[in-house]
Amino acid sequence: IYKKKDSRIKLYSKKNGGLSSARNYGLEKSNGDYILFVDSDDFIENWMVEELINKCEQNDCQIGMIGVYKFFSSQKFYKESNFNQFGKVNSLIALKNCLLNGFYAWNKIYKRELIINKRFKDKLYEDIYLIPYILEDTKNIYISEKYGYYYRQRKSSIVHSSFNNKKMDFYYAANILYTHFEKRQELKQELDAFYCLVLSNLISD
């Protein structure tokens, strides 16, 4: 429908190969100045893209981040993000915020050159294998005070289920992240808090 209304919109179809495969295919087909990911179960505010692009352009930032609402099938929304610093920040502040709020790919907009040659691993928790390291190499990030991304939760999802092998996949991905950053003392407090959350998720019912 939208493709017919606006010639800038391109629609591509591919055989189902999982989330990482779809994102990587989108990266290959993209040609815009910015890259944004929206998962198929989620939705965004109609002003979110314009808001983040404007903030990035005005503040010489390469990534824009926005707050997240989570919701189940009902229309009751809960604030998922709890950023503690807003505006133009460096990679250290962005990493600290994401360690406490999640390394999601989808509540961010990226300058094309930052991510166009990157690829998501064909693994569960693919965001953790990529997003922290992109943030680490980014000079300026803009964190918006607004909430613009709506993240659908399912009671049958991995994070809401009892112990299983998929939760171990989360632990393995988080352990790689922890090992990579553990020598950075300025991240120790947030890194330890992140790891405690990982272990709590691992053993929770």
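How many of the 9 residues of strand S3 (residues 63-71) are buried? The count is 8, so described because buried means under 20% relative accessible area. S3 is thus a mostly covered strand. The model is predicted.

**Strand S3 and its partners**

S3 pairs with strands S6, S7 and S4. The table lists each pairing.

| Partner of S3 | Sense | Bridges |
|---|---|---|
| S6 (residues 108-111) | antiparallel | 3 bridges |
| S7 (residues 141-152) | parallel | 8 bridges |
| S4 (residues 78-79) | antiparallel | 2 bridges |

Single residues show how these pairings line up. Met-65 sits opposite Lys-108 of S6. Tyr-69 has Tyr-150 of S7 as its bridge partner. Lys-70 is bridged to Tyr-78 of S4.

**The nonpolar core**

The largest nonpolar core holds 51 residues. Those with the most contacts inside it are Phe-37, Ile-63, Met-65, Phe-103, Leu-135 and Leu-177. Helix H7 (residues 165-181) is the top contributor, giving 6 residues to this core.

Phe-37 deserves a closer look. Leaving aside residues up to four places away in sequence, Phe-37 touches Arg-23, Leu-27, Ala-105, Trp-106, Tyr-110, Ile-115, Phe-120 and Tyr-149.

**Helix H2**

Two of those Phe-37 contacts, Arg-23 and Leu-27, also appear among the buried residues of helix H2 (residues 19-29). The buried set in H2 is Ser-20, Arg-23, Asn-24 and Leu-27. Viewed down the axis of H2, these buried residues fall within an arc of 95°, so they line one face of the helix. The spacing fits a general rule: an α-helix has 3.6 residues a turn, so residues three or four places apart point the same way. What covers the buried residues of H2? The cover includes strand S1 (34-36) and helix H5 (112-115).

**Helix H8**

Helix H8 (residues 188-203) has 16 residues. From its first C-alpha to its last, H8 reaches 23 Å, close to the 22 Å expected at 1.5 Å a residue. Which residues of H8 are buried? They are Glu-190, Leu-191, Phe-194, Tyr-195, Val-198, Asn-201 and Leu-202. Around the axis they cover an arc of only 135°, which puts them on the same side of H8. The face turned away from that buried side carries the exposed residues Gln-189, Cys-196, Leu-197 and Ile-203.

Definitions and conventions. Residues numbered from 1 in each chain as written. Predicted model: local features only at pLDDT ≥ 70, side-chain atom pairs only at ≥ 80, totals over all residues. Heavy atoms only, no water. Core = buried A, V, L, I, M, F, W, Y, C linked by side-chain atoms within 4.5 Å. Buried < 20%, exposed > 50% of the residue type's maximum accessible area, 1.4 Å probe, protein only. Helix = DSSP H or I, 4+ residues; strand = E, 2+ residues; numbered from the N terminus. Contact = heavy atoms within 4.5 Å. Arc of directions from axis to C-beta. Expected span 1.5 Å × (residues − 1). Pairing = 2+ DSSP bridges.
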